[in-house]
Amino acid sequence: MDPVTLAVLSARFTAIVEEMGEGLLRTAYSQILNSSRDFSIAMTDGACRLVAQADHIPVHVGAMPFAAKAVRDAFDGKMKPGDVFLLNDPWHGGSHLPDLTIVVPVFEGGQVRFFSVVRAHQSDIGGGTHGGYNPGATEIWQEGLRIPPIRLGENGEMREDLVAMLALNTRINRDFRGDLAAMLGAAKLGANRLGELLAQHGGEGLMAAVEAILDLAHAHTRRILESWPDGTWTGTALLDDDGHGNEDIAIRATCTKQGGTLTVDLSASDDQVPGFVNSSYPNMFSAVCMAFAYLLDADVQKNEGAFRALKVVAREGSVVWAREGAAVTLCTSHCSNEIVEAIMRAMQHGCPERAMGGWGRRFRIAITGRDARRPERKFVWHLFHARPGGGGHAKGDGWSTAGEWHSAGGLKFGSVEMAEARFPLHFRRHEFRAGTAGAGEFRGGHGAELELVVESDGPARGNTAGDGARHGSAGMCGGQDSAPHRYALRRADGSERLLRTKEVGVEIQPGEVLHIRSAGGGGWGDPARRDPALIARDAEEGLA
């Protein structure tokens with residue numbers, strides 16, 4: 001195939017997944033999707049190889065081919081045009097239960113040529129607590145509704161009986177139904193666009209283009225790896241705790257670079273724990289892919305070809321690959337961020353100019369209660385504001401309030417005014433938090449400080465789910481760690497109670513204030529080498 005046609009088709013694949021994402025963003029019901037953008041889009045070929053993905057949530061993408069494969073394996077020989085499949089189970093193609101995945105096969109002449117894949121985080125998925133995260137869980141059955149690959153619909157339409165059953169098991173029926181419909185619309189859009197490409201170029205021609213695109217990404221990745229020295233390096237990252245008394249849970253990475261291949265071995269990581277910081281295999285694999293992608297050039301196509309140069313080794317029964325039945329809901333944040341951190345700590349010795357400082361850890365709060373303005377409607381609101389800082393790197397300072405490693409800026413906190421209009425909340429203060437960035441030749445980004453007044457009709461309840469109150473974001477290549485998180489609930493008498501990162505049922509009285517102080521990003525390089533002009537600039541802006 002000539003290079004011009006190949007370049008056009010590669011761009012066309014990317015345009016399709018980006019258009020799917022825009023469609024989902026504009027039609028979703030929940031704040032998590034239409035404001036915070038907690039979703040991802042991908043397409044695979046019929047062999048379930050990742051062909052293209054949009055720049056949404058990095059930790060989703062490496063796991064999405066597992067969803068296509070789970071559907072193919074479950075319905076091999078039984079799929080037909082117009083079928084719609086759904087799953088979320090971490091041991092059947094998912095990563096954690098709140099992430100629903102819709103898979104639509106795309107046929108040509110009776111043969112599956114592509115899968116259109118949409119993964120989106122739900123505001124609630126049932127289980128023991130509101131909001132999809134249960135810090136008290138010690139097994140997956142306490143975390144929500146498990147869905148193995150099922151045929152959700154036929155002829156491009158969903159089965160109402162199945163949708164009703166699923167929605168009945170969530171606390172926010174309207175948002176669940178609306179988001180599911182938006183996901184289907186995006187998946188069908190992708191399938192239709194791929195169908196047009198197949199009609200235009202034919203299956204054999206398009207598959208030849210896919211092979212060439214993947215091979216080119218592999219060659220590009222190999223050239224980068226071959227510029228690094230061969231060697232073996234190790235790195236360790238620590239989780240604060242699992243919420244059940246186990247502290248400083250270690251993720252250990254041994255990275256071996258040889259020629260054009262990087263092998264990441266996580267086998268020495270600690271055993272799985274009772275709490276929900278364990279990871280499913282697809283999520284662990286995706287976290288390693290995410291770290292690997294951060295070490296590559298920005299213009300490398302992040303598809304199956306690029307990831308051929310990566311070998312992943314892990315041990316079942318460890319915190320990064322828990323046995324079936326374990327609690328795993330926090331895994332897309334933690335231990336994903338710690339997997340990336342451990343790999344970066346190792347690779348700072350192999351390619352220091354590419355190993356950025358640590359990004360902040362996730363610390364979310366899900367609040368449920370009644371809104372006096374809409375007494376008939378119960379609300380569930382997820383805190384996406386007051387993001388932590390991103391890490392410094394060899395080319396400059398980290399981005400302030402950019403978020404966590406697993407999303408790399410893909411999660412947005414949305415409009416403050418819109419949140420106040422939709423929920424009984426008042427944002428009294430939302431600004432950069434001084435003194436939080438890890439020092440370095442290039443410092444980390446700043447964290448944030450938020451004072452949020454809850455104006456619910458009667459007491460509200462909050463659950464926390466996160467990490468990083470004990471350990472800040474990691475410094476790299478001589479840079480320093482950032483300040484950690486500090487979250488508190490301020491009562492009417494002015495006293496504050498610190499919030500643990502994993503709590504169930506925190507009572508929040510009307511008028512009480514959540515005082516959120518998020519971590520900065522880790523620094524990169526020796527702080528003594530920092531440009532004095534940059535130091536003066538931070539002091540002038542009141543952020544030193």
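**A walk from the pocket to the sheet edge**

Let us start inside: the largest pocket is lined by 41 residues, and D55, A293, Y294, A298 and K302 are the ones nearest its centre. Four elements each give two or more residues to this lining, namely α1 (3–27), β2 (50–53), α3 (58–61) and α8 (281–295). Of these, α8 contributes the most, with five residues. The pocket's volume is about 1000 Å³, and its lining comprises 21 nonpolar, 11 polar and nine charged residues.

Before going on, a word on the model and its terms. This is a predicted model, in which local features need pLDDT of at least 70 and side-chain atom pairs count only at pLDDT 80 or more, while totals for chains, interfaces and linings use all residues. Residues are numbered from 1 along each chain as its sequence is written, and side-chain values use heavy atoms, with hydrogens and water left out. A pocket is an open set of points on a 1 Å grid over the protein atoms alone, where a 1.4 Å probe fits and protein lies on both sides within 12 Å along at least five of seven lines; lining residues have an atom within 4 Å of a point. Its volume is the space filled by probe spheres set on the points, which are joined across faces, edges and corners. Ala, Val, Leu, Ile, Met, Phe, Trp, Tyr, Cys and Pro count as nonpolar, Asp, Glu, Lys and Arg as charged, and the others, Gly among them, as polar. Helices (H or I, at least four residues) and strands (E, at least two) are DSSP runs, numbered from the N terminus.

Now for the charged pairs. The structure holds 54 salt bridges, each a side-chain nitrogen of Lys or Arg within 4 Å of a carboxyl oxygen of Asp or Glu. One of them joins E19 and R193 at 2.8 Å, N to O. This pair links distant parts of the chain, as E19 sits in helix α1 and R193 in helix α6 (residues 173–201), 174 residues apart. How accessible are the two partners, E19 and R193? E19 is partly exposed at 31% relative accessible area, and R193 is also partly exposed, at 24% (buried means under 20%, exposed over 50%, partly exposed in between, with a 1.4 Å probe and protein chains only).

A second bridge connects R151 and D83 at 3.3 Å, N to O. R151 belongs to strand β6 (residues 150–154) and D83 to the loop between α4 (64–74) and β3 (84–87), so the pair ties together parts that are 68 residues apart in sequence. D83 is buried, with a relative accessible area of 0%.

D538 and R530 form another salt bridge, their closest N and O atoms being 3.5 Å apart. D538 counts as buried at 6% relative accessibility, and R530 as buried at 10%.

Finally, look at the open sheet, where four strands run in the order β13-β12-β16-β19 with antiparallel pairing. Its edge strands, β13 and β19 (502–508), each pair on one side only; two strands pair if DSSP finds at least two bridges between them. Strand β16 (residues 460–466) meets β19 in the antiparallel sense over five bridges, and R461 stands opposite E507 in β19. At the other edge, E376 lies in strand β13 (residues 374–382). Is E376 buried or exposed? With a relative accessible area of 62%, E376 is exposed.
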